[in-house]
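Student: Please take a close look at one part of this model, its aromatic rings. Then place that part in the chain as a whole.

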Amino acid sequence: MYATKRIGFKYREYNARCCLAFLDYNEHLGRPAMTNMKGKIVYQRYYSKYAKAWMAVPKKAEKRYTYHIDLFVRIMDEYIGGTRVHKRRQRLPGEPQEKHIAPVDPEPTKDLVARKESRMQEKE
């Protein structure tokens, strides 16, 4: 799973994971069925909840992940080249603004710190 629903991701992370899933899907689309030493198709079984019965489907050939090497090389070239290492991140087109869950906007931090009361301090 590249972008599981049980974990929350920020927009950039979610977008990167979806792109990786897209690459993986396209790379492995149309994989041939696995064959045994005699050249016969290997089947695997699974239980169908809908049909309430066991089914047999051809087992797909193993995934190869050849695109991972190219992707890694391009990432390392960008990193070593220094083109993006120290630059401030810019928003992607269509990327939503980071929001907070509070119903009102926050006050400046210095005001919050000045007003903060601690249970450990003695009251004057």
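**Aromatic rings and their surroundings**

Tutor: Tyr 47 has a relative accessibility of 43%, so this residue counts as partly exposed. Trp 54, at 58%, counts as exposed. Keep in mind that these values come from a predicted model. A pair of aromatic rings is described by two things, the distance of the centres and the angle of the planes. The search gives a count of 2 aromatic pairs. One of them joins Tyr 47 and Trp 54, with the ring centres 5.6 Å apart and the planes at 65°. An angle over 60 degrees counts as edge-to-face, and that is the label this pair gets.

Trp 54 also has a charged neighbour. Arg 45 lies over the face of the Trp 54 ring, at 5.8 Å from the ring centre. For a charge to sit over a ring, the distance to the centre has to be within 6 Å, and the 5.8 Å of Arg 45 fits.

Back to Tyr 47 and its partner: the edge-to-face pair combines a partly exposed Tyr 47 with an exposed Trp 54. The second aromatic pair is formed by Tyr 65 and Tyr 67, with 6.5 Å from centre to centre and 55° between the planes, and it is tilted. Planes under 30 degrees apart would be stacked and planes over 60 edge-to-face, so an angle between those limits is called tilted. Tyr 65 is partly exposed at 34% relative accessibility, while Tyr 67 is buried at 9%. Buried means under 20%, so the value for Tyr 67 falls within that class.

Tyr 65 deserves a second look for its backbone. Its phi is near 55°, a positive value although the residue is not glycine. Most residues other than glycine have a negative phi. Tyr 65 is placed in the loop between β2, which covers 53-58, and α2.

Now for the chain around these rings. It has 3 helices and 2 strands, and from the N terminus on they run α-β-β-α-α. The chain has 124 residues, and 4% of them are buried.

The loop that holds Tyr 65 also takes part in a charged contact. Side chains of opposite charge can pair when their charged atoms come close. In the whole structure, 1 salt bridge is found. Its partners are Asp 24 and Lys 63, whose closest N and O atoms are 3.2 Å apart. Asp 24 sits in helix α1 and Lys 63 in the loop between β2 and α2, so the pair ties together parts that are 39 residues apart in sequence. The partners have unlike surroundings: Asp 24 is buried, with a relative accessible area of 8%, and Lys 63 is partly exposed, with 33%.

Helix α1 also helps to form a nonpolar surface patch, made by Phe 22, Leu 23, Leu 71 and Ile 75 and covering about 360 Å². At least two residues of this patch come from α1 (11-28), and at least two from α2 (67-81). Leu 71 is in helix α2 and is partly exposed, with a relative accessible area of 32%.

The loop between α1 and β1 (43-48) contains Ile 41 and Thr 35. Ile 41 is partly exposed at 40% relative accessibility, and Thr 35 is partly exposed as well, with 45%. Each has a spatial partner further along the chain. For Ile 41 it is Lys 60, 19 residues away in sequence, with 9.4 Å between the C-alpha atoms. For Thr 35 it is Pro 58, 23 residues away in sequence, at a C-alpha distance of 9.2 Å.

Finally, the cysteines. A disulfide is a covalent bond between the sulfur atoms of two cysteines. The structure holds 0 disulfides. The cysteine sulfur closest to that of Cys 18 belongs to Cys 19 and lies 7.1 Å away, which is too far for a bond. The cut-off for a disulfide is 2.5 Å. Cys 18 is partly exposed, with a relative accessible area of 29%, and Cys 19 is partly exposed too, with 42%.

Key: Residues are numbered from 1 along each chain as its sequence is written. This is a predicted model: local features need pLDDT of at least 70, side-chain atom pairs count only at pLDDT 80 or more; totals for chains, interfaces and linings use all residues. Side-chain values use heavy atoms; hydrogens and water are left out. Buried means under 20% relative accessible area, exposed over 50%, partly exposed in between (1.4 Å probe, protein chains only). Rings of Phe, Tyr and Trp (its six-membered ring) pair if their centres lie within 6.5 Å; planes under 30 degrees apart count as stacked, over 60 as edge-to-face and the rest as tilted. A charge sits over a ring if NZ of Lys or CZ of Arg is within 6 Å of the ring centre and within 35 degrees of the ring normal. Patches are made of residues with over 30% relative accessible area and no salt bridge: like charges are joined within 9 Å, nonpolar side chains (Val, Leu, Ile, Met, Phe, Trp, Tyr) within 5 Å. Accessible areas come from the Shrake-Rupley method with a 1.4 Å probe; for residues, only the protein chains shown count as cover. A salt bridge is a side-chain nitrogen of Lys or Arg within 4 Å of a carboxyl oxygen of Asp or Glu. Helices (H or I, at least four residues) and strands (E, at least two) are DSSP runs, numbered from the N terminus.
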